[in-house]
Amino acid sequence: MHRGKGMKFVGDSRVTDPASRPKKMPKDYSEYPGKTEAFWPDFLLKEWLVGAVFLVGYLVLTVAHPSPLERPADPADTAYIPMPDWYFLFLYQLLKYEFASGPYNVIGAIIIPGLAFGALLLVPFLDTSKERSPWKRPLPTGFMLLALASMIFLTWESVVNHDWVAAKAQGEIKAPVAKVEFDTESEGYKIYSQNSCIGCHGNAFEGGIGKPLIGLKYSADEIVKIAQEGLPGGMPGGTFKGTDEELHKLAEFITTLQPAGK
């Protein structure tokens, strides 16, 4: 239909000429040279670039130095010494001191950290000075330096006093111990379970605090001697509390423990 003959065109405010639309320009910050800038796109673009650089750096580090994974946790291993991540080492070291451990554990675990972090939250209310130079704010600067020095010192003490060689050996990932077939109703196993051997060597002789007892190359007499005198750097002597006859029966039973299928 022709214009003016039954059809009228109504202007829509949502449809405008692109040339007539107002351009989105950042505000004028000329009154504050060097102190402010437009959030979009100037500031945000720099943030994205810096974030991308750090992200690539983290990816390179994770590929070059994988996480030092340890063996699965064993609740029966009471000799394992856990170690927290580096940013908690200062609190870990604090719990080693007499005034913050044992019956006073609540002091080292809750009270002292609570006071420190509570003071940090109260800083804006305690220090209302308009000065920003650290030299003109001696009290906040002093407290911050004291807190930083304490954290560095405690972290250093925790690192140098930790037995890293023993920790590496404790957490070493080992091949799974072969299973062994045995009769739980046999006299040898009953002696084994009744004399606390199971607490160190496991209920299936797989080991734990003590070494696995499967496939040992010792004779029965050598096992008796080890149980009585112990092994240097290993099993202590005198841990078996049964009779000599029971010890010999147990030693004979251990010599029969071989990996399944052999």
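Helices are DSSP runs of H or I with at least four residues, strands are runs of E with at least two, and both are numbered from the N terminus. This is a predicted model, in which local features need pLDDT of at least 70, side-chain atom pairs count only at pLDDT 80 or more, and totals for chains, interfaces and linings use all residues. Residues are numbered from 1 along each chain as its sequence is written, and side-chain values use heavy atoms, with hydrogens and water left out.

Start with the fold. The chain holds nine helices and zero strands. Its pattern along the sequence reads α-α-α-α-α-α-α-α-α. Of contacts (heavy atoms within 4.5 Å) between residues at least 6 apart in sequence, 54% join residues at least 24 apart.

Next, the surface. Of the 262 residues, 18% are buried, meaning under 20% relative accessible area with a 1.4 Å probe, protein chains only. The accessible surface (Shrake-Rupley method, 1.4 Å probe) is about 21100 Å². Carbon and sulfur atoms own 65% of that surface.

Now turn to a pocket: an open set of points on a 1 Å grid over the protein atoms alone, where a 1.4 Å probe fits, with protein on both sides within 12 Å along at least five of seven lines. The second largest pocket has a volume (the space filled by probe spheres set on the points) of about 840 Å³. It is lined by 25 residues, and Ala116, Ala119, Leu120, Phe143 and Ala147 are the closest to its centre. Lining residues have an atom within 4 Å of a point. α2 (89-94), α3 (105-126) and α4 (138-160) each give two or more residues to this lining. The largest share, ten residues, comes from α4.

Technical notes: Buried means under 20% relative accessible area, exposed over 50%, partly exposed in between (1.4 Å probe, protein chains only).
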